[in-house]
Amino acid sequence: MGIMAASRPLSRFWEWGKNIVCVGRNYADHVREMRSAVLSEPVLFLKPSTAYAPEGSPILMPAYTRNLHHELELGVVMGKRCRAVPEAAAMDYVGGYALCLDMTARDVQDECKKKGLPWTLAKSFTASCPVSAFVPKEKIPDPHKLKLWLKVNGELRQEGETASMIFSIPYIISYVSKIITLEEGDIILTGTPKGVGPVKENDEIEAGIHGLPKVSSATLPVRLQE
């Protein structure tokens with residue numbers, strides 16, 4: 001292990017990982033609640049690395065939104081560089097997982113959709129990607145057998161099973177890698193189940209994976225962006 005590798009532990013991927021690739025519309029129940037159509041291939045969008053909000057840091061609400069939503073997602077952290085990999089080999093490139101929130105300015109996204117514009121303003125603002133502690137791959141033998149949950153101020157808002165994904169994790173990795181070269185420390189957010197909804201200033205968001213007590217994200221306060 002070289003000096004570079006030693007100073008870039010995968011367990012702190014958010015400090016040095018470059019790419020955050022997000023998949024939209026990957027749970028049928030969420031597609032229905034958004035009145036969208038299920039598509040034959042994944043919808044992709046990107047967040048900048050400055051979107052990371054590691055455990056314990058606040059979620060920043062942009063001044064230009066009046067309707068900030070939580071979207072709970074399983075994040076897949078890449079363990080090595082990956083380009084145009086076949087689906088059958090895709091899981092070999094996974095280093096581990098993290099629970100993520102794709103914070104979304106829903107009012108802005110609705111406007112973008114109406115105008116046929118990209119979702120950048122709605123999805124890619126500073127601190128729009130809170131992440132839990134890293135979970136090594138060995139701790140999750142099958143990422144399609146997880147149950148995710150999210151509470152706002154102690155009230156359960158989202159609960160979803162990764163078994164309900166429309167596109168599987170190996171399919172997504174293979175698909176993305178044919179378009180975007182993925183590097184070690186990059187993360188793919190795999191979509192949100194139903195139950196997305198608004199948060200306001202000073203709300204507290206808590207999320208976790210059933211059966212993995214260590215992954216419960218520390219409570220994240222929502223703050224207005226200065």
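Reader: Tyr171 and Tyr175: how many residues apart are they in helix 6?
Author: This is a predicted model. In it, Tyr171 and Tyr175 are 4 residues apart in helix 6 (residues 169-179), so about one helical turn separates them.

Reader: Stacked or edge-to-face, those two rings?
Author: Stacked. The ring centres of Tyr171 and Tyr175 are 6.1 Å apart. Their planes are at 15°, and stacked pairs are those under 30 degrees, so the label follows.

Reader: And are Tyr171 and Tyr175 buried or exposed?
Author: Tyr171 counts as partly exposed, because its relative accessibility is 27%. Tyr175 has 17% and counts as buried. The cut-off for buried is under 20%.

Reader: How many aromatic pairs in the whole structure?
Author: A search of the whole structure gives 6. Another of them is Phe13 with Tyr52.

Reader: What's the geometry of Phe13 and Tyr52?
Author: Edge-to-face. The centres are 5.7 Å apart and the planes are at 75°. The cut-off for that class is over 60 degrees, so 75° qualifies.

Reader: Where do Phe13 and Tyr52 sit in the chain?
Author: In distant parts of it, 39 residues apart. Phe13 belongs to helix 2 (residues 13-16), and Tyr52 to strand 3 (residues 52-54). Phe13 is buried at 0% relative accessible area. Tyr52 counts as buried too, at 9%.

Reader: Which residues do ring pairs link into a cluster?
Author: Phe13, Trp14, Tyr52 and Phe134.

Reader: What else does Phe13 touch?
Author: Leaving out residues up to four places away in sequence, Phe13 touches Tyr52, Val77, Ala98, Val131, Phe134, Gly185 and Ile187.

Reader: OK, the core. How many residues in the largest nonpolar one?
Author: 62 residues. Phe13, Ile173, Ile187 and Ile188 have the most contacts inside it. Strand 7 (residues 94-101) gives the largest share, 6 residues.

Reader: Why would nonpolar side chains end up together?
Author: As a general tendency, nonpolar side chains are buried together in soluble globular proteins.

Reader: Switching to cysteines. How many disulfides?
Author: The count is 0. Cys22 is in none, and the nearest cysteine sulfur, that of Cys129, is 6.2 Å away.

Reader: What about Cys129, why no bond there?
Author: The closest cysteine sulfur to that of Cys129 is in Cys100, at 4.9 Å. The cut-off is 2.5 Å, so 4.9 Å is too far for a bond.

Reader: Cys22 and Cys129: buried or exposed?
Author: Cys22 is buried, with a relative accessible area of 0%. Cys129 counts as buried as well, at 0% relative accessibility.

Reader: Any charges over rings? Which lysines, and over which rings?
Author: The charged end of Lys80 sits over the ring of Tyr93, 5.0 Å from its centre. The charged end of Lys151 sits over the ring of Trp149, and there the distance to the centre is 5.2 Å.

Reader: Last topic, sheets. What's the strand order in the open sheet of 3 strands?
Author: The order is 8-5-14, with antiparallel pairing. Strand 8 (104-105) and strand 14 (197-199) are the edge strands, and each pairs on one side only.

Reader: How many bridges join strand 5 to strand 14?
Author: 3 bridges join them, with strand 5 covering residues 68-70.

Reader: And which residue is the bridge partner of His70 in strand 14?
Author: Gly197.

How values were computed: Residues numbered from 1 in each chain as written. Predicted model: local features only at pLDDT ≥ 70, side-chain atom pairs only at ≥ 80, totals over all residues. Heavy atoms only, no water. Core = buried A, V, L, I, M, F, W, Y, C linked by side-chain atoms within 4.5 Å. Buried < 20%, exposed > 50% of the residue type's maximum accessible area, 1.4 Å probe, protein only. Helix = DSSP H or I, 4+ residues; strand = E, 2+ residues; numbered from the N terminus. Contact = heavy atoms within 4.5 Å. Pairing = 2+ DSSP bridges. Phe/Tyr/Trp six-rings, centres within 6.5 Å; stacked < 30°, edge-to-face > 60°. Lys NZ or Arg CZ within 6 Å of the ring centre and 35° of its normal.
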